[in-house]
Amino acid sequence: MDTGERRLMATMPLHAITSTYGEEGLRARFAVEAERWPGPDQRRLNQALALAGRLHAADRRDREPYVNHLLRVAIRVMSHYGVHDAEVVCAALLHDSVEDHAADLAPDGTREAALAALAEQFGPRVSGLVAAVTNPEYAAGRDAHEQYRDHVADSLRRDPWARVIKASDFTDNGVGLIHTTGPRLRRLAAKYAPLVPVLQEMIALPDTPLGDPARQRILAQLGQAADRFAAILT
């Protein structure tokens, strides 16, 4: 990718980069964002991206490599939300690592050991943020969607920075529904729709560490997601 294309990446919407340039374009946009950070932060961000890329190398998300989702979540945190905290962005890149690839992070395959491995590589704060946005292992006899919502509400209430990562993740998941068809579309909409008011409440809390423009942007996107889910479920 030449210099002109890299400059273009800095101005394009993430969905346009994805559809036109795919993973290469998203990686270029991430590199453009990371170049503005101090050298030690850049190295940590690239280390997290390399690990996320290895863990999810064989994973797919509908019609694209799963790493595209991770890149969009991280780029949105950096660019759209104005976050300049390398540990938060590292956690955004790795937010699905323990849930999906605990066995690749730790020999015994447990989530506890996987989180400990992340803490060893990236520090306890990154590991804690990943833990906060990792979905629970569901208990038999309870509705899985209800458990998911309860976990999100509890963990995000405790950790303001986890709200930021979850908002970006949820935004990407909501947008991604437009590429989903068949019974899975209604199933995902039914899972995500009840979470919208929970996230709206969390983002509106005064200790959410975002500026007002970013906060209002997220709330507007959550409103649009609610309309989309309602249309699907009607």
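This is a short dialogue about reading salt bridges, aromatic pairs and a pocket in a predicted model.

Student: What should I know about this model before I start?

Tutor: It's a predicted model, where local features need pLDDT of at least 70, side-chain atom pairs count only at pLDDT 80 or more, and totals for chains, interfaces and linings use all residues. Residues are numbered from 1 along each chain as its sequence is written, and side-chain values use heavy atoms, with hydrogens and water left out.

Student: OK, salt bridges. How many are there?

Tutor: General idea to begin with: side chains of opposite charge can pair when their charged atoms come close. Here a salt bridge means a side-chain nitrogen of Lys or Arg within 4 Å of a carboxyl oxygen of Asp or Glu. That rule gives 14 salt bridges.

Student: Which residue does Asp-85 meet in a salt bridge?

Tutor: Arg-125, with 3.0 Å from N to O. This pair links distant parts of the chain, 40 residues apart: Asp-85 sits in the loop between helix 4 and helix 5 (86-93), and Arg-125 in helix 8 (residues 124-132). Helices are DSSP runs of H or I with at least four residues, strands are runs of E with at least two, and both are numbered from the N terminus.

Student: Is Asp-85 buried or exposed?

Tutor: Buried means under 20% relative accessible area, exposed means over 50%, and partly exposed is in between (1.4 Å probe, protein chains only). Asp-85 has 19%, so it counts as buried, while Arg-125 is partly exposed at 29%. The side chain of Asp-85 also reaches the backbone nitrogen of Glu-87 at 3.1 Å.

Student: What about the salt bridge between Asp-207 and Arg-163?

Tutor: Those side chains meet at 2.7 Å, N to O. Asp-207 is in the loop between helix 12 (195-204) and helix 13 (212-233) and Arg-163 is in helix 10, so the pair ties together parts 44 residues apart in sequence. Asp-207 is partly exposed at 42%, but Arg-163 is buried at 1%.

Student: Where do Lys-166 and Asp-169 lie?

Tutor: Both are in helix 10, three residues apart, which is about one turn of the helix. Their closest N and O atoms are 3.5 Å apart in a salt bridge, and both residues are buried. Elsewhere on your list, salt bridges that share partners join Arg-61, Glu-64, Arg-72, Arg-76 and Asp-172 into one network.

Student: And how many aromatic pairs are there?

Tutor: Rings of Phe, Tyr and Trp (its six-membered ring) pair if their centres lie within 6.5 Å; planes under 30 degrees apart are stacked, over 60 edge-to-face, and the rest tilted. The count is three. For Phe-170 and Tyr-192, the centres are 5.7 Å apart and the planes at 85°, so the pair is edge-to-face. Phe-170 is in helix 10 and Tyr-192 in helix 11, 22 residues apart. Both are buried, and with Phe-229 they form one aromatic cluster.

Student: Last one: which residues lie nearest the centre of the second largest pocket?

Tutor: A pocket, on a 1 Å grid over the protein atoms alone, is an open set of points where a 1.4 Å probe fits, with protein on both sides within 12 Å along at least five of seven lines; lining residues have an atom within 4 Å of a point. This one has 22 lining residues, with Arg-61, Tyr-66, Asn-173, Lys-191 and Tyr-192 nearest its centre. Elements giving two or more residues to the lining include strand 1 (60-61), helix 10 (160-176) and helix 11 (183-192).

How values were computed:
Polar contact = N/O pair within 3.5 Å; in protein donor to acceptor, adjacent residues only side chain to side chain.
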